[in-house]
Amino acid sequence: MPHTTAARAAKLSVAPMMDWTDRHCRYLHRLLSRNVLLYTEMVTSPALVRGGALHLLQHHADEHPVALQLGGSDPVELAQAARIGAVAGYDEINLNVGCPSDRVQSGTFGAVLMRQPALVANCVRAMQDAVDIEVTVKCRIGVDDQNPQEVLPEFLSQMVGAGVERVSIHARKAWLQGLSPKENRDIPPLDYDLVRQVKGLFPNLHISVNGGITTLDQAIEFLDGGVDGVMVGRAAYHQPWDILSSADRRIYGTGEDTTAEAAVARMLPYIEAHLTEGGRLHQVTRHMLGLFAGRPGARGWRRALSEGAHRERAGPELVEQALTHITQAAEVARA
């Protein structure tokens, strides 16, 4: 059965998050929603082109629709990296113009590129010339002392001029000096109204809003309010069932809600295969800790996985054992 296209899937997406949205995380999220658009962690173009780090592109066929996010600022190198990503089978290539980390700044990519929209446009054109799949951009509303009311429309105008049809906007400034990457996710105030305003200025540009969105109800409010898509970050990671389990029905109008228990059952063969290939249990289960967030037994589930998954020869049986904390709590509640 053909998978949902990235453009259609972009009504709801799980943000690219370093150290979190790896292939194991994405596989779990796909079990909860067949339609939501998934993103890789950011992969730098030098790592692929100069470093040959093709292992960073590994993904399961069931992850689609899935997008590769690239970081870089050299149009030639980004074009090569995009081509490598397309050959690897990704449905979309996304350029990171939003990450505020020092490491990213020193490589002249990420949020610092908000200061160089013409360079970003050149990068995008080069990437589009190199691949047949869609090239998109994820940005901030501005950086440091920039005025977002002026900067963001100009930036988007340059993106549209370069042929970009889809942009995700983290509705916060990035402060490149004085705030850590973690603080940059929380401290700069959110400006959702500006995102809505630029949607009015660019009616043909698919705009997804990102930043501070913590529930599926909130995502639906944004969609009803006129934006084209919603990108959810940490909430989708820490409470994946809450965000994703009914997304197919409520956002896309298709399919049935999934249960966290069913997702666990379907993860077991995946875990078995990962272990057979020489992997370790904790590499997968660290992404499963929030599956039952807020439910009776969730603490026991988390503790069993956190304490046991690093042990030598830990396998699927540990996951089944951890699940008993949930099933027994459910039985007590029914009694």
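Me: In which strand is the place of Thr136?
Reply: Happy to start there, with the note that this is a predicted model. The residue Thr136 has its place in strand S5.

Me: Is Thr136 buried or exposed?
Reply: Buried means a relative accessible area under 20%. For Thr136 the relative accessible area is 2%. Thr136 therefore counts as buried.

Me: Which residues does Thr136 touch, not counting residues up to four places away in sequence?
Reply: Let's leave out the sequence neighbours up to four places away. What Thr136 then touches is Tyr39, Glu92, Ile93, Asn94, Leu95 and Arg166.

Me: Staying with strand S5, is Lys138 buried or exposed?
Reply: Lys138 is another residue to look up in strand S5. Its relative accessible area is 12%, and the cut-off for buried is under 20%. So Lys138 is buried.

Me: What is the volume of the largest pocket?
Reply: Good moment to turn to the pockets. For the largest pocket, the computed volume is about 690 Å³.

Me: Of the residues that line the largest pocket, which are the closest to its centre?
Reply: The lining of this pocket has 34 residues. The closest to the centre are Pro16, Met17, Lys138, His170 and Arg185.

Me: Which elements give two or more residues to the lining of the largest pocket?
Reply: Two helices and two strands are worth finding on your screen here. They are helix H5 (102-106), strand S5 (134-140), strand S8 (229-232) and helix H11 (234-238).

Me: How do the residues of the lining of the largest pocket divide into nonpolar, polar and charged?
Reply: Each lining residue falls into one of these classes. The lining of the largest pocket has 15 nonpolar, twelve polar and seven charged residues.

Me: Which residues that UniProt lists for "binding site" does the lining of the largest pocket include?
Reply: The unreviewed UniProt entry lists Pro16, Met17, Met18, Gln69, Lys138, His170, Asn210, Gly211, Gly212, Gly233 and Arg234 under "binding site". Of these residues, the pocket lining includes Pro16, Met17, Met18, Gln69, Lys138, His170, Asn210, Gly211, Gly212, Gly233 and Arg234.

Me: Asn210 is on that list, so is Asn210 buried or exposed?
Reply: You will find Asn210 in strand S7 (residues 206-210). Leaving aside residues up to four places away in sequence, Asn210 touches residues including Lys138, His170 and Gly233. With a relative accessibility of 5%, Asn210 is buried.

Me: What is the volume of the second largest pocket?
Reply: On to the next pocket. The second largest pocket has a computed volume of about 410 Å³.

Me: Which element gives the most to the lining of the second largest pocket?
Reply: Among the 19 lining residues, Asp22, Glu41, Val43, His55 and Leu56 are the closest to the centre. Helix H2 (23-32) and strand S2 (37-44) each supply at least two residues of this lining. With five residues, the element that gives the most is S2.

Me: From which domains does the lining of the second largest pocket draw at least three residues each?
Reply: By residue class, this lining has five nonpolar, seven polar and seven charged residues. The domains that each give at least three residues are domain 1 (5-252) and domain 2 (260-334).

Me: Which residues does a cis peptide bond join?
Reply: Now for some backbone geometry. Most peptide bonds are trans. Here is a cis one, with omega about 0°, and Pro65 is found in the loop between helix H3 (45-49) and strand S3 (66-71). The cis bond joins His64 and Pro65.

Me: What is the phi of Asp19?
Reply: Most residues other than glycine have a negative phi. Asp19 is in the loop between strand S1 (12-14) and H2, and it is exposed at 54% relative accessibility. Although Asp19 is not a glycine, its phi is positive, at about 70°.

Me: Where does Arg313 lie?
Reply: Arg313 has a positive phi near 65° and is a residue other than glycine. Its relative accessible area is 75%, and so it is exposed. Arg313 lies in the loop between helix H16 (298-308) and helix H17 (316-334).

Me: How many Å apart in space are Arg83 and Asp129, C-alpha to C-alpha?
Reply: Arg83 is in helix H4 (residues 75-87) and is partly exposed at 41% relative accessibility. Leaving aside neighbours within four places in sequence, Arg83 is in contact with Ala130 and Val131. Arg83 and Asp129 are 46 residues apart in sequence, while their C-alpha to C-alpha separation is 9.5 Å.

How values were computed:
Residues numbered from 1 in each chain as written. Predicted model: local features only at pLDDT ≥ 70, side-chain atom pairs only at ≥ 80, totals over all residues. Heavy atoms only, no water. 1 Å grid on protein atoms, 1.4 Å probe; cavity = no way out; pocket = protein on both sides within 12 Å on 5 of 7 lines; lining within 4 Å. Points joined across faces, edges and corners; volume = space filled by probe spheres on them. Helix = DSSP H or I, 4+ residues; strand = E, 2+ residues; numbered from the N terminus. Nonpolar A, V, L, I, M, F, W, Y, C, P; charged D, E, K, R; others polar. Domains from an automatic or database assignment. Buried < 20%, exposed > 50% of the residue type's maximum accessible area, 1.4 Å probe, protein only. Contact = heavy atoms within 4.5 Å. UniProt positions renumbered as here; feature names shortened; annotations may be inferred.
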